[in-house]
Amino acid sequence: MILCCFVPIKQQAQNLVPNPSFENHYDCVMAILSNVVDWCSVSDNCVYYQPCNSNPGVQAPLFYYDPCFTSYQQARSGVAYTSFYGYITTSNIIPNKYAHTKLKDTLKVGKHYCVTFYVSLLNYCQYSTDKFGLLLTPNAFPCLTATSPNYTITGYVPQIVSPAGVQLADTLNWMEISGVYTAIGNEAYLTIGDFFPQSQHSIVNSYPTNCNANAEYYLDDVSVEEIQLAKCVKDTAICPNDSVIIGNNLSEATTYNWQPTSGLSCATCANPKASPNVTTTYTLTKTQCKSVTTASVTVTIKTDCAPKVIVSEIPNVFTPNGDGINDTFNFSIAGASDVSFNIYNRWGNIIQNSTLATHTYISWDGRTTSGEACSEGIYFYTLQYTDAKGDTQKKNGYVSLFR
């Protein structure tokens, strides 16, 4: 007979972009994006930077060709990243490079997605530009290979674009480009780059002392995640000093803010515990990408709660040898009545018993009821009591006696 056990697994919000920070690659030699698992270049080769490449011109975080081709940038996550041109004045270099990949799953019709990627301007660039975009399409573009011709992407408007006129000029930090996209339902491929002619860009000579007349950008951490609404559990009632988990959210990259904060285990967690002193309505504000949603839950403090029965921890080893350490087997029980506690030897004979009308402290010094010292070994106990609701409760266990 085969016994199958089904364990519920908490769902995690999934980034639909494979290898999103370009960490997985085929070797430490090729310095082009086709060396990155699941990615390729369109139009012209995007440069791939990684620490393990022995060529100083394509290493991360520092690469060095000559004084005019020197830049330093820590990866936003991991250790690797790629790059593409946003503007270039050299006529023999194709200015448009696109990073291209297939999503892990086709987008779902009508669903909202948080789409994000990060760029940083290379240090040696004189110029900065604006309006980089991310395009989602149902079909793939041809990946650049050694034998394939360059493919020019025209006629496409990316769904996610950085603001017009806002210069992407930071060479130190990673600049976020993000937005919310509502899916048509057939989008299966993602492409990042410059989709606009130079006449539609703001191109600024941001660093005139630098020696390369271009605008080239690092690219890292690409994500497409379905937006989940803020969720709370249903309104609930608890007894004083009890607690309850009040959130019902996934663990995607997002921010949470609970108000009020009194009685919460954490005010910025997805699913905190609440143990208020009075009836309280908690409101969650969840921000994922540019989407802000709210939800609320009321935790009511009940007034008809029966007192709890509290049984202190029952030890499973004691040593009645007179050294003052673990000489007695003892515990306490509070909030109970009709307490019955029995200890049995391995043959099932009762060697110690206690019957109490109310809750109290229970102790055993390692002797039988008649006063004889018990030998070393395993002894079993049963604890039975009536709780505040009038229900009979039972606990069983064992204790090891050593001298």
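Buried means under 20% relative accessible area and exposed means over 50%, with partly exposed in between. Keep those cut-offs handy for the close-ups below, which come from a predicted model.

**View 1. The overall disulfide map.** Let's start with the whole set: this structure holds five disulfides. Count the bonded cysteines along the chain and the pairing reads 1-3, 2-5, 4-6, 7-10, 8-9. Cysteine 232 sits out, being in no disulfide. The next views pick out some of the players.

**View 2. Cysteine 28 meets cysteine 52.** Here the two sulfur atoms are 2.0 Å apart, and cysteine 28 and cysteine 52 form a disulfide. The link is left-handed, with -100° about the S-S bond. Cysteine 28 lies in the segment before strand E1 (39-42), while cysteine 52 lies in the loop between strand E2 (47-49) and strand E3 (62-64), so the bond ties together parts that are 24 residues apart in sequence. How accessible is cysteine 28? Its relative accessibility is 31%, so cysteine 28 counts as partly exposed. Cysteine 52 is partly exposed too, with a relative accessible area of 36%.

**View 3. Cysteine 40 joined to cysteine 143.** This disulfide has an S to S distance of 1.9 Å. The torsion about the S-S bond of cysteine 40 and cysteine 143 is about -65°, so this one is left-handed. The pair links distant parts of the chain, 103 residues apart: cysteine 40 is in strand E1, and cysteine 143 is in the loop between strand E8 (133-137) and strand E9 (160-161). Is cysteine 40 buried or exposed? Cysteine 40 is buried, because its relative accessible area is 6%. At the other end of the bond, cysteine 143 is partly exposed, at 32%.

**View 4. Cysteine 266 and cysteine 269.** A disulfide joins these two cysteines, with 2.1 Å from S to S. Which hand does the link have? With 90° about the S-S bond, the link of cysteine 266 and cysteine 269 is right-handed. Cysteine 269 has a relative accessible area of 30%, so this residue is partly exposed.

**View 5. The unpaired cysteine 232.** Cysteine 232 is in no disulfide: the nearest cysteine sulfur belongs to cysteine 269 and is 14 Å away. A disulfide needs a pair of cysteine sulfur atoms within 2.5 Å, so that pair doesn't qualify. Cysteine 232 is buried, with a relative accessible area of 16%.

**View 6. A look at cysteine 374.** One last cysteine for the set. With a relative accessibility of 6%, cysteine 374 counts as buried.

Terms used:
Residues are numbered from 1 along each chain as its sequence is written. This is a predicted model: local features need pLDDT of at least 70, side-chain atom pairs count only at pLDDT 80 or more; totals for chains, interfaces and linings use all residues. Side-chain values use heavy atoms; hydrogens and water are left out. Helices (H or I, at least four residues) and strands (E, at least two) are DSSP runs, numbered from the N terminus. Buried means under 20% relative accessible area, exposed over 50%, partly exposed in between (1.4 Å probe, protein chains only).
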